[in-house]
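Student: I would like to learn how to read confidence and packing in a model. Can we work through a case?

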Amino acid sequence: MTSDGTDRAPVRVFLVDDHALFRSGVRAELATAPDQVEVVGEAGSVGEAVAGIAHYEPQVVLLDVHMPDGGGAEVLRRVRGDHPDVVFLALSVSDAAEDVIAVIRGGARGYVTKTISGRELADAVCQVAAGDPVFSPRLAGFVLDAFSQGPNSAPIGDPELDLLTPRERDVLRLLARGYAYKEIASELFISVKTVETHVSSVLRKTQLSNRYELSRWATDRRLV
Amino acid sequence: MPFGHVVHGPNSAHGVRETGPKLYRRRGGRLVSGVCSGISDHLGVSVLSVRATFAVLAAFGGAGVFAYGLLWIFVPQSAGAEPPVTDRERQQGLGLIILGLGLAVAVGLLGILPGWLTGPLGVALVGAAVVWREADESQRRRWREGARSGMAGAVLGGGGGRAAMVRIISGAALVVIGAVVFLGGSATASDLQFAMLSTITALIGAAVLTVPWWMRLMRDLDVERAGRVRSQERAEIAAHLHDSVLQTLALIQKQADSEREVRRLARGQERELRTWLYGPDGYGRADGDRPAGPAQPGDAPPQTLSAQLTRACGEVEDAFAITVQQVVVGDCELDEPLTAALAAAREAVVNAAKHAGVGEVSVYAEVEPDRVSIFVRDRGAGFDPERVSDDRHGLADSIKGRMERNGGSVRIKTAPGSGTEVQMDMPRKTS
């Protein structure tokens, strides 16, 4: 146990959510995995979050999408420049693709829903802390939707940058079907590392494609 | 946790959009009426250049002054507080005003207009300016006193007192004098023409004098209407929360011992609220997208694949107290084969809920141009397809049979201990 502890210290997590009740719930859930994660602080508003992140310098910030004064996207905008090493994981109850994709585009490394179990949340935190993106099936669905080249879809100008490769599409489809990375790897006969690489590049493309107004387009078509 | 979002979501992010114009005259930091500073705020250019532009435009037959006057009338004053004017800026601005007026007068003297017209017109304009200025003062006073609206307040100028009345009357007198002098100057007309001219002049004068009050009245009505819409929306949200969330919470309190029942209630409530907020016609949508108001629980859901799949999954969630995570990519109208595919998918979810022995089932549907695929997957017990006895009809009839009768196909991937995935493909009609 001690050798494990020196091997890998628990990931320092900062919670941002405007509901105190929810924050204490997440704290309690994460307390079931004390060797993996440690909650160092929490904030209930954009201003508190900016100050708190600067003070505690956590490794991972669990970020609510919906908050007064601009929400998660605003926190990202104000913190990212000064603290490039802090990793953000969106933790949202919102079903609206526009909200979620706005945060992803702001630089969040992943997205999970608030119904996630404590165990899975702790795993997701460790995963983003280690540099790998975390996609929930729903987010994979949003991204597939936004990039899908349906009959009504907007023309995309830069195919090299903005189209998903067939392989990335396959990975996303399996993610949307609820497969874990490990299961995707065995399904597609590739390594887990390759799956993570594909997901990373999808995330990068999502962040880069803002000039196509990804979320607006998805919303216009009511693809939520 | 979805409850909290009701409180701030619709009000802050998606509330009633301000319908007023984007251009506002400044309240603070203004020299005359805040038009120039307002324009510079709006366009993002320096105040000085805007003022200089107006001054130069004034040389062209007074176009700058005329434009300024129109903007003064038609652009509402902002409600915010801006930084005050510095002395240097004030001097610069006054210089520009004098320059502009000087240019206008100089060009006017050289210009085309005869003296009998310029004189009275000038007097009438100064009178009108005094009246409008007074109307503007009272508008400012109203901001100060809070939004005291209503007909009387608007007409009486918000209780300006005697000084205001004197100013208004003197302005009106100037307008009348200007009109009389103008008529006197063109006294060559006959009696009938004179009567007509004086009537028309009087009407124009009356219209000119009352323009500021009409404008204010209309603005007040707009403000009031926006406020009413906002409070109505708030009342509607409160009513909805009372109808659904509070009643469910009360039920949960009563049934706190039965974990299964609490779960069922909470899940059903979450889904309903989610649909109400984020669904196709929900509250969280942009205002333009929901002409008919938010969807009520009693409304018939739209006949699209995603809406109906959501409904079917919700029913199974409620009936079996499990979580069904569903993701739909794309959407389309339902036709007969797709309805069959939907029914088959529902059956597959029911099967998973009954036999897999797990709390969560994933449903993924993808609408492609030529076909619709639905995947239903669980991480539960799994089974050996070879050993399903012949008397079990769920899979054979409800899923396979339905799909195949409508031209679709079913693939099942399962093994004991490693979960089950049912893939249903239905080709789409190209018509």
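The dialogue below covers confidence, then nonpolar cores.

Tutor: This is a predicted model: local features need pLDDT of at least 70, side-chain atom pairs count only at pLDDT 80 or more, and totals for chains, interfaces and linings use all residues. Residues are numbered from 1 along each chain as written, chains are lettered from A and ligands numbered from 1 in written order, and side-chain values use heavy atoms, without hydrogens and water.

Student: What is the mean pLDDT of chain B?

Tutor: pLDDT is the predictor's confidence in each residue, from 0 to 100. For chain B the mean is 74, with 72% of residues at 70 or more. The model scores ipTM 0.75 and pTM 0.58.

Student: Over which residues of chain B does pLDDT stay under 50?

Tutor: Where pLDDT is low, the predicted coordinates should not be read in detail. Residues 147-159 of chain B are one such stretch, with 21 contacts (heavy atoms within 4.5 Å) beyond four places in sequence. Residues 286-298 of chain B also stay under 50, with 22 such contacts.

Student: Which residues have the most contacts inside the largest nonpolar core?

Tutor: In soluble globular proteins, nonpolar side chains tend to be buried together. A nonpolar core is a set of buried (under 20% relative accessible area, 1.4 Å probe, protein chains only) Ala, Val, Leu, Ile, Met, Phe, Trp, Tyr and Cys residues joined through side-chain atoms within 4.5 Å. The largest has 50 residues; A:Phe135 and A:Leu172 are among those with the most contacts inside it, as are A:Val75, A:Phe88, A:Leu175 and A:Ile184.

Student: Why does this core lie between two domains?

Tutor: Domain 1 (11-147) and domain 2 (161-220) of chain A, with bounds from an automatic or database assignment, both give residues to the core, so it lies between them.
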